[in-house]
Amino acid sequence: MNHATENDAVVRFHGVTYAAPGLPAPIISGLDLEVRRGETLVLLGESGCGKTTTLRLINRLLVPTGGEVLVEGRDTREWDAIQLRRRTGYVIQEAGLFPHFTVERNVGLVPSLEGWSEARTRERTHELLRLVGLEPERVAARFPAELSGGQRQRVGVARALAADPPLLLMDEPFGALDPLTRAALQREFSALQKSLGKTVVFVTHDVREAFLLGTRVGLMHAGRLVLLDTPQAFMRSEEPRARAYLETLRLNEEILAALAPGVENQMGAEDGG
Ligand SMILES: Nc1ncnc2c1ncn2[C@@H]1O[C@H](COP(=O)(O)OP(=O)(O)OP(=O)(O)O)[C@@H](O)[C@H]1O
Ligand SMILES: [Mg+2]
């Protein structure tokens with residue numbers, strides 16, 4: 001009998017290597033990874049370590065030069081690429097909206113390609129814009145250039161969700177946002193994820209974001225996965241690169257403590273006088 005976890009893997013990497021022509025070393029080396037149904041797997045790692053490349057291997061924008069990537073048990077090379085991408089919502093770095101399409105057309109793109117009626121597409125588009133905290137009446141007719149960066153990123157998330165794909169690939173969807181907008185979007189995504197229960201692969205280089213949103217966190221370095229575990233286990237890891245990320249969290253605490261000593265103690269504590 002198969003193990004339940006095997007059956008429940010939506011995405012599996014088996015010894016995956018990806019080498020681009022002309023580069024001295026592969027971009028991805030010997031990657032083994034399993035994304036379970038309903039989980040939010042966060043890939044964390046410094047710039048250039050291969051996070052985006054990993055996502056692109058899932059929706060067959062790239063095919064491995066060694067090993068195999070399975071989605072729903074089927075090799076990505078055997079999938080019809082169009083079918084696969086329509087089942088896989090993809091939020092790319094910098095939102096990636098079509099500049100000459102209105103917000104409404106951007107979000108409704110996949111549903112209309114899928115042959116939904118105009119009315120149903122419109123209804124769905126407006127529903128999603130509301131879901132990500134935008135007012136359809138105000139933004140639907142605008143072009144991406146007429147939105148703020150944070151609004152564009154919300155539209156990118158709405159577009160990825162439009163045709164209700166079971167699998168979502170999110171590449172730094174909240175990057176380059178001010179900390180308040182970023183925190184608001186993280187909270188919204190976290191609530192959304194609880195209600196929608198999608199399988200998500202989420203890329204970030206922000207360790208706080210990784211711990212906040214991930215059911216498991218994978219740490220990548222130079223095309224390899226150096227650690228993959230729950231946030232709790234990650235916190236206890238002795239792996240030097242993981243420790244380095246954890247040190248950045250400690251630094252935040254130290255700054256807080258130095259600037260406002262005792263603030264933590266005042267919160268919720270009763271003063272005995
Ligand atoms: N088509 C390509 N040809 C050659 N090199 C490439 C190609 N695509 C990516 N690379 C290189 O592969 C490495 C990994 O790139 P990738 O985009 O996966 O990194 P990343 O982890 O997403 O980084 P970031 O956090 O900056 O987005 C980088 O060194 C990049 O320059
Ligand atoms: Mg990237």
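**A guided tour from helix 12 to ligand 1**

Begin by selecting A257, which lies in helix 12, the segment formed by residues 240-259. The model on display is a predicted one.

Is A257 buried or exposed? Display the surroundings of A257: this residue is exposed, because 12 other C-beta atoms lie within 10 Å and a residue with 12 or fewer counts as exposed.

Next, add H221 to the selection and draw a distance between the two C-alpha atoms. A257 and H221 stand 36 residues apart along the chain, and their C-alpha atoms are separated by 31 Å.

Now zoom out and colour the protein by secondary structure. The view contains 13 helices together with 10 strands. The protein is as compact as a globular protein of its length, because its radius of gyration of 20 Å is close to the 19 Å that the globule rule gives for 273 residues. Turn the C-alpha trace along its principal axes; the spans are about 70 × 50 × 45 Å.

With the whole protein still in view, consider its interior and its contacts. Of the 273 residues, 33% are buried. Where contacts join residues at least 6 apart in sequence, 66% of them link residues at least 24 apart.

Finally, select ligand 1 and the residues around it. Which residues come nearest to ligand 1? Of the 13 residues in its surroundings, the nearest are A20, S47, K51, T52 and T53. Colour this shell by residue character: eight of its residues are polar, four are nonpolar and one is charged.

Note on methods: Residues numbered from 1 in each chain as written. Chains lettered and ligands numbered in written order. Predicted model: local features only at pLDDT ≥ 70, side-chain atom pairs only at ≥ 80, totals over all residues. Near = placed C-beta within 6 Å. Nonpolar A, V, L, I, M, F, W, Y, C, P; charged D, E, K, R; others polar. Helix = DSSP H or I, 4+ residues; strand = E, 2+ residues; numbered from the N terminus. Buried ≥ 20, exposed ≤ 12 C-beta atoms within 10 Å, placed from the backbone. Rg over C-alpha atoms; globule rule 2.2 N^0.38 Å. Contact = placed C-beta atoms within 7 Å.
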